[in-house]
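The exercises below ask you to work through side-chain pairing, exposure and open space, one step at a time. Keep the sequence and the model at hand as you read.

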Amino acid sequence: MSKVAVIMGSTSDMPVMEKAIDILQGFDIEIEVDIVSAHRTPEKLFDFSKNAHNRGISVIIAGAGGAAHLPGMVASLSPLPVIGVPVKSSNSIDGWDSVLSILQMPGGVPVATVALNGALNAGILAAQIIGASDTYVRDKVMVYKEGLKQKVIEGAKQIRLNKKL
């Protein structure tokens with residue numbers, strides 16, 4: 001079974017990153033969660049990044065605010081796909097510093113980047129990556145997406161009923 005690592009630069013990122021954790025649990029995907037700071041624990045970052053694939057990790061979701069070097073540094077050291085979640089933090093410049101730090105990676109070091117505070121989408125993307133080769137997870141993703149479609153259809157129905165259109 002595939003496993004996703006959800007890492008973040010500090011505990012203050014947890015309220016955002018919980019959305020990835022929750023959706024992955026809903027898809028029955030095993031999760032490893034940790035704090036790995038690019039700036040405060042570089043040795044841990046190196047060890048985590050170089051060895052994640054040896055622990056059965058298939059995808060890494062890395063959330064970080066401010067300078068947000070965590071996703072890129074992990075991607076530079078790991079053979080696994082990395083999804084970066086820019087986090088709007090207390091020391092952030094409206095989140096743009098985080099977005100650009102994760103988005104503007106040099107050629108050869110890709111990081112899939114989701115929207116500011118977009119951990120939900122990071123979790124869904126991780127599930128879709130795993131679902132490319134795991135039919136159980138793919139089926140769960142398909143059911144989830146069908147649920148999104150049904151919410152829109154029901155919402156449209158409610159609007160028409162409330163406005164008597």
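**Exercise 1.** In this predicted model, decide whether Lys-157 is buried, partly exposed or exposed, and find the residue whose side chain meets that of Lys-157 in a salt bridge.

*Solution.* Lys-157 has a relative accessibility of 38%, and because buried means under 20% and exposed means over 50%, Lys-157 counts as partly exposed. Its side chain meets that of Glu-154 in a salt bridge, with 3.3 Å from N to O, which lies within the 4 Å limit for such a pair. Both residues belong to helix 6, where they are 3 residues apart, about one turn of the helix. Glu-154, at 37%, is likewise partly exposed.

**Exercise 2.** Determine which parts of the chain are linked by the salt bridge between Lys-140 and Asp-28.

*Solution.* The side chains of Lys-140 and Asp-28 meet at 3.1 Å, N to O. Lys-140 sits in helix 6 (residues 135-162), whereas Asp-28 sits in the loop between helix 1 (14-26) and strand 2 (30-35), so that the pair, 112 residues apart, links distant parts of the chain. The structure holds 6 salt bridges.

**Exercise 3.** Describe the lining of the largest pocket by residue class.

*Solution.* The largest pocket holds about 300 Å³ of space and is lined by 21 residues, with Ser-10, Asp-13, Arg-40, Gly-65 and Gly-66 nearest its centre. Sorted by class, the lining has 7 nonpolar, 11 polar and 3 charged residues.

Methods. Residues numbered from 1 in each chain as written. Predicted model: local features only at pLDDT ≥ 70, side-chain atom pairs only at ≥ 80, totals over all residues. Heavy atoms only, no water. 1 Å grid on protein atoms, 1.4 Å probe; cavity = no way out; pocket = protein on both sides within 12 Å on 5 of 7 lines; lining within 4 Å. Points joined across faces, edges and corners; volume = space filled by probe spheres on them. Nonpolar A, V, L, I, M, F, W, Y, C, P; charged D, E, K, R; others polar. Helix = DSSP H or I, 4+ residues; strand = E, 2+ residues; numbered from the N terminus. Buried < 20%, exposed > 50% of the residue type's maximum accessible area, 1.4 Å probe, protein only.
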